[in-house]
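Let's take a friendly walk through this model, beginning with one helix and following its contacts outward. Please have the structure open as you read.

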Amino acid sequence: MEVDYKELIEEAHEHQKGKICTKCNTHKPLNEFYNKVRGITDRLATECKSCAKKYIANKCPITKWFQTKKSNAKRDGIEFTIKLTDIPGVKIKEWNGHQNRISWKATQYPKVCPILKIKLDWGMNGYNDNSPSLDRIDPTEGYVKGNVMMMSALANRMKQNATP
């Protein structure tokens, strides 16, 4: 049997224009992967965009919210040393996840604003009056244990605008 090297080379070139997703094991074009800055040689995520979106959509809503809050505090130069369990009313379940990393999921978290008694919207549908907001009791301190309280965005804005 004779090997058609030209066909093999063309197939290899086509394969180089894409990448295999580690979640769905499908070969996809490179534009179907998010850019990553560090840790990966080709600077692309290991999972395709659709798998990444499914993963994020299935994450615990408070997990997504907490990670965003932490990133925003870092960006704004505000101290952020709390763990999720330092927020009153939050309980989590931990387990050894992928590559023996600790994973967690919230089993209990505030669903009603303690100030205005309105339901908190954890749907991550933009920033609304009933979106969850992490208040710093003393705004001169960072997000540190004992200085945080969960409330609605409206209640937090009202608190910020109140005269002392």
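This is a predicted model, and our starting point is helix α3. Its buried residues are Ile 62, Thr 63, Lys 64, Trp 65, Phe 66 and Ala 73. What do they pack against? The buried residues of α3 make contact with α2 (49-57), β6 (102-108), β7 (132-136) and β8 (148-152).

You can also check the helix with a ruler. Helix α3 covers residues 61-75, so at 1.5 Å a residue its 15 residues should span 21 Å, and the end C-alpha atoms are indeed 21 Å apart. Just past the helix, look for Gly 77, which adopts a positive phi of about 70°.

Now turn to the rings. Searching the whole structure gives four aromatic pairs. One of them joins Trp 65 and Trp 122 edge-to-face, with 5.4 Å between centres and 80° between the planes. This pair links distant parts of the chain, since Trp 65 belongs to helix α3 while Trp 122 lies in the loop between β6 and β7, 57 residues apart. Are these two buried or exposed? Trp 65 has a relative accessible area of 8%, so it counts as buried, and Trp 122 is buried too because its value is 9%; the cut-off for buried is under 20%.

Trp 122 has another partner: Tyr 109 meets it edge-to-face, 5.1 Å centre to centre and with 75° between the planes. Tyr 109 sits in the loop between β6 and β7 as well, 13 residues from Trp 122, and Tyr 109 is also buried. Together, Trp 65, Tyr 109 and Trp 122 make up one aromatic cluster.

Finally, look for charges over rings. The charged end of Lys 111 is placed over the ring of Tyr 109, 4.0 Å from its centre. Elsewhere, Arg 136 lies over the face of Tyr 143, 5.2 Å from the ring centre.

Note on methods. Residues numbered from 1 in each chain as written. Predicted model: local features only at pLDDT ≥ 70, side-chain atom pairs only at ≥ 80, totals over all residues. Heavy atoms only, no water. Helix = DSSP H or I, 4+ residues; strand = E, 2+ residues; numbered from the N terminus. Expected span 1.5 Å × (residues − 1). Buried < 20%, exposed > 50% of the residue type's maximum accessible area, 1.4 Å probe, protein only. Contact = heavy atoms within 4.5 Å. Phe/Tyr/Trp six-rings, centres within 6.5 Å; stacked < 30°, edge-to-face > 60°. Lys NZ or Arg CZ within 6 Å of the ring centre and 35° of its normal.
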